[in-house]
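Please give me a tour of this model in the viewer, stop by stop. Tell me what to select at each point and what is found there.

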Amino acid sequence: YPRPLCEYIAMHKSLAVQKTLFDNLRIAREVAVIQMLEGNNITIKAHRCLSYFAKDQTPPLALRGMEELARTLLSALGMEVTKGGTVWTVLLKEARYQENLYGAVKALSDDRLNEVHLFLTVICFGQDNTNSLDADENSLFNLVAKDLNVDMRDYWTPDEAFLKRRNKTQLENILDASGAKKKFGNLLQGKKADLVKKLAKYFQSLLTKKKLTDEEQQTRNWLPEAMQFPAINPDASTQQADRKS
């Protein structure tokens, strides 16, 4: 997996963990305390996964969920997103300049105040090094993801952005592993772009299809090893050999 694809994977996984964290307040509090204990001065530095997909026409499902939560919390604080702005610029940059921010926070119910507090800590959490796969089963990111039982199938499906970063051999492996080779194997002899577009569309179509054949279910269930927690790095043995030599 080259660096750009590792980054793509890390951002998707970080968003999925963030969204799942907010649905599990106890673990979110635990992560918040850990982050506070690890830092000296507490500052909000949102993980880059929130801005990484800004130019995508169809934002990831987890990002849409996080933005919806942000809008709800901004509304509770009496703030709104102006035309051309984003929930993140308002929450992380403009909120501090609100004339009566203290009054707005004081007016929050206990439950809503707790949600705002946790949200501000959750958006800082994600995979640390996004330039490589996180294959460390004891990293905080993977420990939390496993504790939350995060399944990337709930948040991600193979799309063009992923598939176009795979070469023909890797795409053939994907067809084999996902059970889609019978349907698309003949496209391996043609242009890669055609295969990528049709395969991505096929993966997407299975999300809403009510009845799946066994072959389609296998395709729907397929997940690249890099999207697991921890990630399984297929290049690990080669990299280890290179270090020894």
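Start with the lining of the largest cavity, which by class holds five nonpolar, two polar and two charged residues. This is a predicted model. To display that lining, select Arg153, Trp156, Thr157, Pro158, Phe203, Leu206, Thr219, Arg220 and Trp222. The space they enclose has a volume of about 60 Å³. The count of cavities of 30 Å³ or more comes to one.

Next, go to the second largest pocket, which holds about 800 Å³ of space. Select Asp56, Thr58, Asp159, Glu160 and Ala161; of the 28 lining residues, these are the closest to the pocket's centre. Then colour helix 1 (3–22), helix 4 (61–76), helix 9 (160–163) and helix 12 (192–205), the elements that each give two or more residues to this lining. Which helix gives the most to the lining of the second largest pocket? Helix 12 does, with four residues. By class, the lining of this pocket has twelve nonpolar, eleven charged and five polar residues.

Stay with helix 4 and select its buried residues: Ala62, Leu63, Gly65, Met66, Ala70, Leu73 and Leu74. An α-helix has 3.6 residues a turn, so residues three or four places apart point the same way. Now show what surrounds the buried residues of helix 4: they pack against helix 1, helix 3 (49–52), helix 5 (87–94) and helix 7 (110–122).

For a check on the geometry of helix 4, put a distance between its end C-alpha atoms, which are 23 Å apart. At 1.5 Å a residue, its 16 residues should span 22 Å, so the two values agree. Moving on along the chain, select glycine 78, which follows helix 4 and has a positive phi, near 75°.

Another positive phi is found at asparagine 149, at about 55°, although this residue is not a glycine. Look for asparagine 149 in the loop between helix 8 (140–148) and helix 9. Is the residue buried or exposed? Asparagine 149 has a relative accessible area of 63%, and it counts as exposed because that value is over 50%.

The last stop is the loop between helix 13 (214–221) and helix 14 (236–244), where proline 230 lies. Select phenylalanine 229 together with proline 230 and look at the peptide bond from the one to the other: this bond is cis, with omega near -5°.

Terms used
Residues are numbered from 1 along each chain as its sequence is written. This is a predicted model: local features need pLDDT of at least 70, side-chain atom pairs count only at pLDDT 80 or more; totals for chains, interfaces and linings use all residues. Side-chain values use heavy atoms; hydrogens and water are left out. On a 1 Å grid over the protein atoms alone, a cavity is a set of points where a 1.4 Å probe fits but cannot get out, and a pocket is an open set with protein on both sides within 12 Å along at least five of seven lines; lining residues have an atom within 4 Å of a point. Grid points are joined across faces, edges and corners, and a volume is the space filled by probe spheres set on the points. Ala, Val, Leu, Ile, Met, Phe, Trp, Tyr, Cys and Pro count as nonpolar, Asp, Glu, Lys and Arg as charged, and the others, Gly among them, as polar. Buried means under 20% relative accessible area, exposed over 50%, partly exposed in between (1.4 Å probe, protein chains only). The expected span of a helix is 1.5 Å times one less than its number of residues. Contact means heavy atoms within 4.5 Å.
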